[in-house]
Amino acid sequence: MEDLIKILHDGKHSLVVANGSVKTYDGRGITDIFNLLNNDPEFLDGSEIADKIVGKGAAALMVLGNVSAVYADVISEPALDLFRRYAVKVYYGQVVQNIINRRGDGICPVEKICMPCDKAIECLPLIRDFVILNNGRNN
């Protein structure tokens, strides 16, 4: 995990995924992890991830992708709770009550839509609709 964290920080990436090989991503919000789950689920299965910010939506996608371990610079309490319920190893720099939107004036929209969900699978259609509605842009 230390190597992934170093790659994340040194390369100023938003996401690093390792599963035999290491892939880096620089997208915004949940777009990269959403695309990985939909387009390369085999790579996610059993992978280790280092991410800058993990909210409940990203955590749900990682759980559904069957990741084995996650590091987050910043993680929300709902994301941490979800990882613990699914027995995903999780390491983090800072825990926050919720992920804040880019404007800094409220909760991240993906975190907000996933709040009422008890299971990771319940988040998937909500996230899918959000991504389609916003053409992959996350606020």
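Start by selecting Arg28, Gly29, Ile30, Ile53 and Arg102: among the 27 residues that line the largest pocket, these lie nearest its centre. You are looking at a predicted model, so please keep that in mind at each stop. The pocket has a volume of about 500 Å³.

Now colour the elements around it. Helix 2, strand 3, helix 4 and helix 6 each give two or more residues to the lining of the largest pocket. Strand 3 provides the largest share, four residues. If you colour the lining by class, you will find 10 nonpolar, nine polar and eight charged residues.

**Next stop: helix 4**

Select residues 56–64. Is this helix enclosed or open? Eight of its nine residues are buried, so helix 4 is largely enclosed by the rest of the structure. To see the buried ones, pick Lys56, Gly57, Ala58, Ala59, Ala60, Leu61, Met62 and Val63. Then bring up the surroundings: the cover over these residues includes helix 2 (31–39), strand 3, strand 4 (69–76), helix 5 (77–85), helix 6 (109–114) and helix 7 (120–133).

**Into the nonpolar core**

Met62 of helix 4 takes you to the next selection. Together with Ile33, Ile49, Val54, Phe83 and Ile127, Met62 has the most contacts inside the largest nonpolar core, a set of 41 residues. Centre the view on Ile127 and show what is around it. Beyond residues up to four places away in sequence, Ile127 touches Ile30, Phe34, Gly57, Leu61, Val110, Ile113 and Cys114. Two of those names should be familiar: Gly57 and Leu61 are among the buried residues of helix 4, and Ile30 is one of the residues nearest the centre of the pocket. There is also a second, separate core of seven residues, including Leu4, Ile5, Ala18 and Ala50.

**Just past helix 4: Asn66 and Asp45**

Go back to the end of helix 4 and step on to Asn66, in the loop between helix 4 and strand 4. Here phi is near 60 degrees, a positive value in a residue other than glycine. Most residues other than glycine have a negative phi. With a relative accessible area of 44%, Asn66 is partly exposed.

Which side chain does Asn66 meet? Show Asp45: the two side chains are joined by a polar contact of 2.5 Å. Asp45 sits in the loop between helix 3 (41–44) and strand 3 (48–54), and at 41% relative accessibility it counts as partly exposed. Leaving aside neighbours within four places in sequence, Asp45 is in contact with Asn19, Gly65 and Asn66. Try a distance label between the C-alpha atoms of Asp45 and Gly65: they are 20 residues apart along the chain, yet separated by 5.6 Å.

**A buried histidine**

Move to His13, in the loop between helix 1 (2–10) and strand 1 (15–19). Is His13 buried or exposed? Its relative accessible area is 14%, below the 20% cut-off, so His13 is buried. Its side chain makes a polar contact of 2.7 Å with the side chain of Asp26. Apart from residues up to four places away in sequence, His13 touches Ile7, Leu8, Thr24, Tyr25, Asp26 and Lys52.

**Last stop: Ala87**

Finish in the loop between helix 5 and strand 5 (89–96), where you will find Ala87. Although Ala87 is not a glycine, it has a positive phi of about 55 degrees. At 67% relative accessibility, Ala87 counts as exposed.

Key: Residues are numbered from 1 along each chain as its sequence is written. This is a predicted model: local features need pLDDT of at least 70, side-chain atom pairs count only at pLDDT 80 or more; totals for chains, interfaces and linings use all residues. Side-chain values use heavy atoms; hydrogens and water are left out. Buried means under 20% relative accessible area, exposed over 50%, partly exposed in between (1.4 Å probe, protein chains only). Contact means heavy atoms within 4.5 Å. A polar contact is a pair of N or O atoms within 3.5 Å; within protein, one must be able to donate a hydrogen and the other to accept it, and residues adjacent in sequence count only if both atoms are side-chain atoms. A nonpolar core is a set of buried Ala, Val, Leu, Ile, Met, Phe, Trp, Tyr and Cys residues joined through side-chain atoms within 4.5 Å. On a 1 Å grid over the protein atoms alone, a cavity is a set of points where a 1.4 Å probe fits but cannot get out, and a pocket is an open set with protein on both sides within 12 Å along at least five of seven lines; lining residues have an atom within 4 Å of a point. Grid points are joined across faces, edges and corners, and a volume is the space filled by probe spheres set on the points. Ala, Val, Leu, Ile, Met, Phe, Trp, Tyr, Cys and Pro count as nonpolar, Asp, Glu, Lys and Arg as charged, and the others, Gly among them, as polar.
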